[in-house]
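Reader: I should be grateful for a close look at one part of this protein. Please describe how the strands in the most confidently predicted region are arranged, and how far the model may be relied upon elsewhere.

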Amino acid sequence: SGALEAAERVLGLDPANARAHLAAGIALRMAGRLPEAHAALARAQQLDPRLAERVRATALAPASGWRRIGERISLYGQSALEYDTNATLEGDESTSAIPGGPSDGRVGFQGGIRTSLLERDDAALSLGYRFDENHYLEHDALDVQSHAASLGAALAPAPRWLVRLESGAARLRLDGSPYLQMASVATALAWRSETRGTFELRSFGERRAYEDPPALPSLERDGWRTGASLRHVLGFRLGAPAQLATQLSYARMLTEGSRDLDGFGPAFDSHFSGIDTALRVGLPFELRADARLAFGLEQFDERNVIAFQSSGQLVRRRDHIVDASLGLARPLGQWLELELRVRETRHFSNVELYDWDRQIVGTTLRFYWQPFASRRKP
């Protein structure tokens, strides 16, 4: 929310600001992130004992029953208009053969709801639902709709430590027809220091099941993607409050593909490794700048029929990915935010079918609203 981001900007400049910790604790509590809220409130009281009464008032449990859950409901969504120089689907399939050329405009919509089912000082449980829809102006064969549900739990075993468990399921439709089903689970362990930032170690597993059967056993895409990442977030001052996030990640894709009659093995089994850096800086006039740069390398296990057909020789597919983006955002009141963004993706591959690049320019309007909490009397 805007209140939480404002408090974090202040803490980026002054980590010992007691009132900023108090404001962050209130915003985190309203969002249902109870373990993090408890840590922020405890730090506020430690830095300034005079805030003890306000901390205790904030920590009081709201009314019991369904009303308590209702007051912790958050609605969010966004509407985006983009121009895409190379419309691709999940970065997997080249669309340069589409009549009329690959460039196209796109209108996107997203809406969701989150609520906290359990609130304790050291634990929280949340439930969410999200709907996404993307329409291309010309290439309507690439229109995608998705429904996704999530369940998350958090536990704070100690003041500086946080453990999270996340699970979710999603169903995608492509051009109005069933396309992909996904289920995921992830665990994370985070440690926070006021001077060294936040360190988070995360592991995940994702099951993918495509609706269309493969043309060959070696082209089966159903399977598991598992991996781990290490993320570090540090607040500092760069002429203004700033935040730097760096992540190292590894993922392994193992499909249910099998060797076909021509001797080709599973085409989509792979190892992926990457590094991702994101910088967020506060600017005058309530503006916020976000920059991101990511590098990735994906190496595939088998020489496969796709590589043979594309290059005329048997090779193991190897992809290098460079992804860069720059955004400028500004709040439009308490619940709205407008962002302008440009993005460049370069996908270098030794297999012609998967060698592509794309540029995206777009604008996004986001909203975040707590309809019941906002009506409570102070």
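Author: The following account begins with confidence, proceeds to the strands, and ends with a single residue. The model is a predicted one, with an average pLDDT of 82 for the protein and 82% of the residues scoring at least 70. Confidence is highest in strand E7, residues 197–210, where the mean is 95; it is lowest in helix H5, residues 66–70, where the mean is 51. The pLDDT is below 50 over residues 60–67, a stretch that makes nine contacts in the model beyond near neighbours in sequence. Residues 374–378 also fall below 50, and this stretch has four such contacts.

Strand E7 has pairing partners in E6 and E8. Strand E6, residues 177–193, runs antiparallel to E7, and 14 bridges join the two. The connection between E6 and E7 is a hairpin of three residues. Within this pairing, Trp191 has Phe199 of E7 as its bridge partner. With strand E8, residues 223–237, E7 again pairs in the antiparallel sense, here over 11 bridges. In that pairing, Arg208 stands opposite Gly223 of E8.

A residue in another strand may also be considered. Phe295 lies in strand E11, which spans residues 288–303. Because its relative accessible area is 42%, Phe295 is classed as partly exposed. Apart from neighbours within four places in sequence, Phe295 contacts Ser273, Gly274, Ile275, Ile321 and Val322. Of these, Gly274 is 21 residues away from Phe295 in sequence, while their C-alpha atoms are 5.5 Å apart.

Terms used:
Residues numbered from 1 in each chain as written. Predicted model: local features only at pLDDT ≥ 70, side-chain atom pairs only at ≥ 80, totals over all residues. Heavy atoms only, no water. pLDDT = per-residue confidence, 0-100. Helix = DSSP H or I, 4+ residues; strand = E, 2+ residues; numbered from the N terminus. Contact = heavy atoms within 4.5 Å. Pairing = 2+ DSSP bridges. Buried < 20%, exposed > 50% of the residue type's maximum accessible area, 1.4 Å probe, protein only.
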